[in-house]
Amino acid sequence: MASLKLTGIVKRFGDVTVLNGLSVEIPLSGLTFIVGKSGSGKSVLCRLAVGLLKPDEGSVELLGERVDQLPERRLVPLRAKVPYLVQGPALLDWLTLEANVALAVQGAPDAARVTRAIDQMGLTALKDRFPPQVGPGIRKRTAIARALVLQPTCLLLDEPTTGLDQIAAGQVNEALEAVRDAGLGALVVSHDYAALSRLADRVVEVRQGVVGYQGGKTGFLDAPK
Ligand SMILES: Nc1ncnc2c1ncn2[C@@H]1O[C@H](COP(=O)(O)OP(=O)(O)OP(=O)(O)O)[C@@H](O)[C@H]1O
Ligand SMILES: [Mg+2]
């Protein structure tokens, strides 16, 4: 099974222990919502998953590879399989949306893959616009299209709708459905419980340094908070 497997993860920053023996195996298929209070360590978990941070203790396996032990050059192809989309702006304002998507394949341009990703994200009619000429939901979809060009197994999205208005958030959530319909997985860090209740195939909650809940969305939404 393609998965992200974290075992006994301890991660400290100075005196602060953010993750304290966290273990979880998350399938990379379907839509997994990763939730938890602000500061609980969700972004730290994302960065550990793709080797941008190393744990103080424990192991990180992504697609069967020991991310915490791999040299940087071997992490590069793995990050193409599970692209990490950070929060905030990710596009170059002076390039069209299409050119921004094509940046993913610099050096080996593959026009068909770029066209397909743009189509999958519903951007065909907008591809010649520049980022400042479209709304934040479309900009996020463009960033997702750029990740799709890499032909990933699963996307890792850190708060893709935080700070967006309802329309923009709706555009991003539609994109998540398109990702799932295309047979790809997504791990989505989110505070958007409306989207979670509609879209999540499973939920992982980070709480006090460990996993507080893992399972279906109904069990999560019905549990006392
Ligand atoms: N590079 C760093 N140096 C020091 N402390 C850090 C660093 N990265 C994260 N932290 C701390 O680790 C804790 C968890 O941070 P993280 O960003 O993972 O939280 P989060 O769950 O993503 O929160 P949010 O929902 O606000 O994005 C916080 O207390 C944060 O200050
Ligand atoms: Mg975060």
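In helix α1 (42-49), the buried residues are Lys42, Val44, Leu45, Cys46, Leu48 and Ala49; a residue counts as buried if 20 or more other C-beta atoms lie within 10 Å of its own, as exposed if 12 or fewer do, and as partly exposed in between, with C-beta atoms placed from the backbone. Because 6 of the 8 residues of α1 are buried, this helix is largely enclosed by the rest of the structure. Helices (H or I, at least four residues) and strands (E, at least two) are DSSP runs numbered from the N terminus. Gly51, which follows α1, has a positive phi near 75°.

The model is predicted: local features require pLDDT of at least 70 and side-chain atom pairs count only at pLDDT 80 or more, whereas totals for chains, interfaces and linings use all residues. Residues are numbered from 1 along each chain as its sequence is written, while chains are lettered from A and ligands numbered from 1 in the order in which they are written.

Helix α1 also contributes to the surroundings of ligand 1, giving the most to the shell, with 3 residues. Both α1 and strand β2 (16-27) supply at least two shell residues each. The residues around ligand 1 comprise Phe13, Val16, Val18, Gly36, Ser38, Gly39, Ser40, Gly41, Lys42, Ser43 and Val44, where a residue is near a molecule or strand if its C-beta atom, placed from the backbone, lies within 6 Å of it. By class, 4 of these residues are nonpolar, 6 polar and 1 charged; Ala, Val, Leu, Ile, Met, Phe, Trp, Tyr, Cys and Pro count as nonpolar, Asp, Glu, Lys and Arg as charged, and the others, Gly among them, as polar. Lys42 and Val44 thus appear both in this shell and among the buried residues of α1.

Strand pairing was assigned where DSSP finds at least two bridges between two strands. Strand β8 (residues 185-189) is mostly covered, 5 of its 5 residues being buried. On one side of β8 lie Gly185, Leu187 and Val189, and on the other Ala186 and Val188, so that both faces are covered. Strand β7 (residues 154-158) runs parallel to β8 and is joined to it by 5 bridges; β3 likewise pairs with β8 in the parallel sense, over 4 bridges. Ala186 of β8 is the bridge partner of Leu155 and also of Leu31. Together with helix α6 (residues 166-181), β7 and β8 make a right-handed β-α-β unit, the crossover being right-handed if, with the strands pointing away from the viewer, the path from the first strand over the helix to the second runs clockwise.

Strand β3 (residues 31-35) is in addition joined by 4 bridges to β9 (residues 202-207), and the two run parallel. Within this pair, Val35 has Glu205 as its bridge partner. Strand β9 is connected to β10 (residues 210-215) through 5 bridges in the antiparallel sense, with Val203 partnered by Gly215. These two strands form a hairpin with 2 residues between them, and Gln208 in the turn has a positive phi of about 50°.

Overall, the protein chain contains 8 helices and 10 strands, and 39% of its 225 residues count as buried. The C-alpha trace spans about 50 × 40 × 35 Å along its principal axes. The radius of gyration of 17 Å agrees with the value near 17 Å for a compact globule of 225 residues; it is taken over C-alpha atoms, and the globule rule is 2.2 Å times the number of residues to the power 0.38. Of the contacts with a separation of 6 or more, 67% involve residues 24 or more positions apart, a contact requiring C-beta atoms, placed from the backbone, within 7 Å.

Terms used. Two residues are in contact if their C-beta atoms, placed from the backbone, lie within 7 Å.
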